[in-house]
Amino acid sequence: MYSLLQLSDTHIQEPGRSLKTGVVGADALVSSIEKAQRVQSSFDAILISGDLVDSGGEAQYQELLTVLEHSSIEAPVFLCLGNHDARTPFRRVFSSWLQGSGLSDLHSHFLQYTAALFRDNGQTVRMVVMDTLEPGHEEGRLCAERIGWLNAVIKRYPADRLLLVMHHLPFLTGSALFDSMVLQERDALRECLRGHSNIERVVCGHFHRACVADPSGIPVVVCPSTAHAYPLQYQGGAKEPLVIDEPAGFAIHRFIHESESAGGWTSHFVFQAST
């Protein structure tokens, strides 16, 4: 069994600062990692699927790096950018990670890459991380260059079993606020993925809620935020409460080998105790 711990929307701020919900992002991330280790003693990898920090500041990325360096989970860490992130400060702080984390096919500008996770029945199970960040915009974008990169990667690894990662959702949820901030090029993505049976799952963040869909016949699993949840019908109005009685959480994706002809991903949502 291979286990991938997915954390998302960590919204790390500078030391000593908290989010407008009152949550300290770094503390919430540490708490999530500790809870994950109580659920399961070890993991093969950690994925943080975007909105790593709250406003793209270099000091915020340094705080995230400090948390990860002091984490008691000894596993490779894979990172994905979201709409609250910024590429240049991220690259400055995580330059060593970019050079030494076993990443392949790394794009020169966008944070897009692949990573071979493990082998099952002679096939490589490979993570493909997309960059849907569009600076100055809340919605996700996959321009022609990014889609072209993805198309080339899919063709490069026709025999691999692919796990696609992105921050923004490639489908509508029914939430007025978040449906204005989903991936804009959903049709182009579906066209790119169509007919490729080796793309087994898409995992996202952004929604701050657990959610599952299959808009193109491929399961899409959305991880909750480690910081806080938004109401399901959240409209984004000034008088609406941000703090609700639903807990923050994370996801654990297990690839379970059943037999020589069967094996695949099972996703579990884990939540913190409500306060």
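Begin the tour of this predicted model by selecting residues 25-39, which form helix H1, together with residues 58-69, which form helix H2; the axes of these two helices come within 10 Å and cross at roughly 25°. Because an angle under 35 degrees counts as roughly parallel, H1 is described as roughly parallel to H2. If you turn the view so that one helix lies in front of the other, you can follow how H1 passes H2 in a right-handed crossing.

Now show the side chains where the two helices meet. On the H1 side, select Ala26, Leu29 and Val30, and on the H2 side select Glu63, Leu64 and Val67, since these are the residues that meet in the contact. When the residues of this contact of H1 with H2 are sorted by class, five are nonpolar, none is polar and one is charged.

**The whole chain**

Next, zoom out and colour the chain by secondary structure, which comes to seven helices and eleven strands. The radius of gyration of the chain is 18 Å, close to the 19 Å that the globule rule gives for 275 residues, and the chain is therefore as compact as a globular protein of that length. Computed along the principal axes in the sense of a calculation, the C-alpha atoms fill a box of roughly 50 × 40 × 35 Å.**The five-stranded sheet**

Which strands make up the open sheet of five, and in what order do they lie? Moving across the sheet, you pass S3, S2, S1, S10 and S11 in that order, and the pairing is mixed. Select strand S3 (77-80) and then strand S11 (262-271) to see the edges, where each strand has a single partner, so one side of each is left without a neighbour in the sheet. Neighbouring strands of this sheet are turned by 20° against each other on average, with direction ignored.

Move inward and select strand S1 (residues 2-7) with strand S2 (residues 45-49), which pair in the parallel sense over four bridges. To find one of the places where they are joined, pick Gln6 and look across to its bridge partner in S2, Leu47. On its other pairing, S1 runs with S10 in the antiparallel sense over five bridges, and here you can select Leu5, which stands opposite Ile252 in S10.

From there, select strand S10 (residues 249-259) and follow its pairing with S11, which is antiparallel and extends over ten bridges. These two strands form a hairpin with two residues between them. Two bridge pairs can be picked out along the hairpin: Phe255 has Trp265 as its partner in S11, while Phe250 has Val270 as its partner in S11.

**The six-stranded sheet**

Now bring the open sheet of six strands into view, in which the order is S4-S5-S6-S7-S9-S8 and the pairing is again described as mixed. Strand S4 (113-120) and strand S8 (211-213) stand at the edges, and because each has a single partner strand, one side of each is left without a neighbour in the sheet. The twist from one strand to the next averages 20°.

Select S4 with strand S5 (residues 123-129), and you will have a pair that runs in the antiparallel sense over seven bridges. Within this pair, Ala115 has Met127 as its bridge partner in S5. Then add helix H5 (residues 144-156), which packs on the sheet and touches S4, S5, strand S6 (161-165) and strand S7 (199-204). The direction of H5 makes about 175° with that of S5.

**Helix H5 and helix H7**

Keep H5 selected and add helix H7 (residues 186-193), whose axis comes within 10 Å of the axis of H5 and crosses it at roughly 15°. That angle makes H5 roughly parallel to H7, and H5 passes H7 in a right-handed crossing.

Which residues make the contact between H5 and H7? Show the side chains of Ile147, Leu150, Asn151 and Ile154 in H5, and those of Ala188, Leu189, Cys192 and Leu193 in H7, and you will have the residues that make it. Sorted by class, the contact of H5 with H7 has seven nonpolar residues, one polar residue and no charged residues.

Terms used
Residues are numbered from 1 along each chain as its sequence is written. This is a predicted model: local features need pLDDT of at least 70, side-chain atom pairs count only at pLDDT 80 or more; totals for chains, interfaces and linings use all residues. Side-chain values use heavy atoms; hydrogens and water are left out. Axes are lines fitted to C-alpha atoms, for helices over the stretch in contact, and angles run from 0 to 180 degrees between N-to-C directions. Angles under 35 degrees count as roughly parallel, over 145 as roughly antiparallel, 65 to 115 as roughly perpendicular and the rest as oblique. A crossing is left-handed if the near helix is turned anticlockwise from the far one by less than a right angle, and right-handed if clockwise. Contact means heavy atoms within 4.5 Å. Ala, Val, Leu, Ile, Met, Phe, Trp, Tyr, Cys and Pro count as nonpolar, Asp, Glu, Lys and Arg as charged, and the others, Gly among them, as polar. Two strands pair if DSSP finds at least two bridges between them. The radius of gyration is taken over C-alpha atoms; the globule rule is 2.2 Å times the number of residues to the power 0.38.
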